[in-house]
Amino acid sequence: MTMTGAASDGRPADALIFRLRGVRYLYHGRHLALDGIDLDIYRGEQVALLGANGCGKSTLLKLLDGLLAPSAGSMLAFGEDILPVVAGQEAFRFHREVGLVFQDPDVQLFNATVYDDVAFGPLQLGLSPGEVKIRCDEALALMDATHLAQRAPFELSGGEKKRAAIASVLSLHPEVLLLDEPTAALDPRTKWVLINLIRNLGQSGKTIVTATHDLDIVPIIAHRVVVIGEDRRVLADGHPETILRDHDLLVRANLIHPELHELSFHHVHSP
Ligand SMILES: Nc1ncnc2c1ncn2[C@@H]1O[C@H](COP(=O)(O)OP(=O)(O)OP(=O)(O)O)[C@@H](O)[C@H]1O
Ligand SMILES: [Mg+2]
C-alpha cells in the first residue's frame, strides 16, 4: 500500500501508517468511547498509549486494527481509508501487517491447544508446514511458553494465557504491533522478557503501540507517549520524559493519584 506526496511534517508520506482526524466512536450508536481523536503514527515509532480506565485505549487499538470503524471522522491506514478493511474486503492483506494483542487473552485463544492458536495466523498466511513450525517454535520460545504448547488455553493461568496470546500474534511477524496492556498479569521475569522483546522489536524497526497502566515500563518501551484524557480526546502527546515528569498532567489524566503516589514514594524511599 503506498501514498503519494509528503506527510505534513516533511516525513515521506509512505512513513505514515495511521492518520486519524476527528475520530469518534460510539458503541451501539450511543455509548461514547472516543470523542474526536487526531493522531498520526509513523513507521518505526514506538508509542505508549496512556489513560484512565474507560477513556478509550482499547477502543482506539481496535480501530487501529481495523476491527471497528469510526462512527465519525476519518481514518487512513497505509494511506488508504480503513472502511474496506473493517468491511472485510481488505482485511486479509491488512492483517499480514498489523497484529493486535487483546487486553483479554480469552478473546484471542480459541483453538484446542496453545500451539494451534499460535499456528493459526501463519497457516492463514499460507506458509509451508515447516515454516509454520519454525515460526511457532520461535514465538513460543520468545514468550517462554514452549512448555504450554500442548495445553488447552482455557486451563491456563491468567499470565500463561497472556503469554500464549502474545505468542499467537508474534508468530504473524506483523510490521505493526498493537499491544493492549501486555504486561498486566505477568510475573516480573516474564514482564522483563516482554519489555526487552518490545524494545528489540522496536530497534529492528517495527511500529509498536502499547496501551498500558504500567508507567514504569513506558520509557523502556516507547519514544513517544500519547495520553488520552477522561474527555476521550488526546490530552498530551510527547516524549516519555516530558510527560512522565508532568505531575499535574498525570493527576489530571488519572494516571497517578497524588496521595497514593506520595505514600508509595515515601514507603520506597524512607530509611
Ligand atoms: N462492547 C462494549 N459495549 C459498550 N460499551 C463499551 C464496550 N466496550 C467498551 N465500552 C465503553 O467504551 C468506553 C471505552 O472503553 P475502553 O475499553 O476502550 O477503555 P480503556 O481505556 O481500554 O479502559 P481500561 O483501562 O479499563 O482497559 C468505556 O466507557 C466502556 O464502558
Ligand atoms: Mg482497555
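Student: Which residues come nearest to ligand 1, and what makes a residue near?
Tutor: G54, K57, S58, T59 and H213 come nearest, of the 16 residues around ligand 1. Near means that a heavy atom of the residue lies within 4 Å of the molecule. This is a predicted model, where local features need pLDDT of at least 70 and side-chain atom pairs pLDDT 80 or more, while totals for chains, interfaces and linings use all residues. Residues are numbered from 1 along each chain, chains are lettered from A and ligands numbered from 1 as written, and side-chain values use heavy atoms, without hydrogens and water.

Student: What makes K57 a polar contact of ligand 1?
Tutor: A side-chain N or O atom of K57 is 2.7 Å from an oxygen atom of ligand 1. A polar contact is a pair of N or O atoms within 3.5 Å, so this pair counts. For N53, the distance to an oxygen atom of ligand 1 is 3.0 Å.

Student: Why are S58 and Q103 called donors of the magnesium ion?
Tutor: S58 (OG) and Q103 (OE1) lie 2.0 to 2.1 Å from the magnesium ion (ligand 2). Donors are N, O and S atoms within 2.8 Å of the metal (3.2 Å for Na, K and Ca), so both atoms qualify; water is not among the atoms, so sites may look incomplete.

Student: Why is S58 called buried?
Tutor: Its relative accessibility is 19%. Buried means under 20%, exposed over 50%, partly exposed in between (1.4 Å probe, protein chains only). Therefore S58 counts as buried.

Student: How do you know whether Q103 is buried, partly exposed or exposed?
Tutor: Q103 has a relative accessible area of 41%, so Q103 is partly exposed.

How values were computed. Polar contact = N/O pair within 3.5 Å; in protein donor to acceptor, adjacent residues only side chain to side chain.
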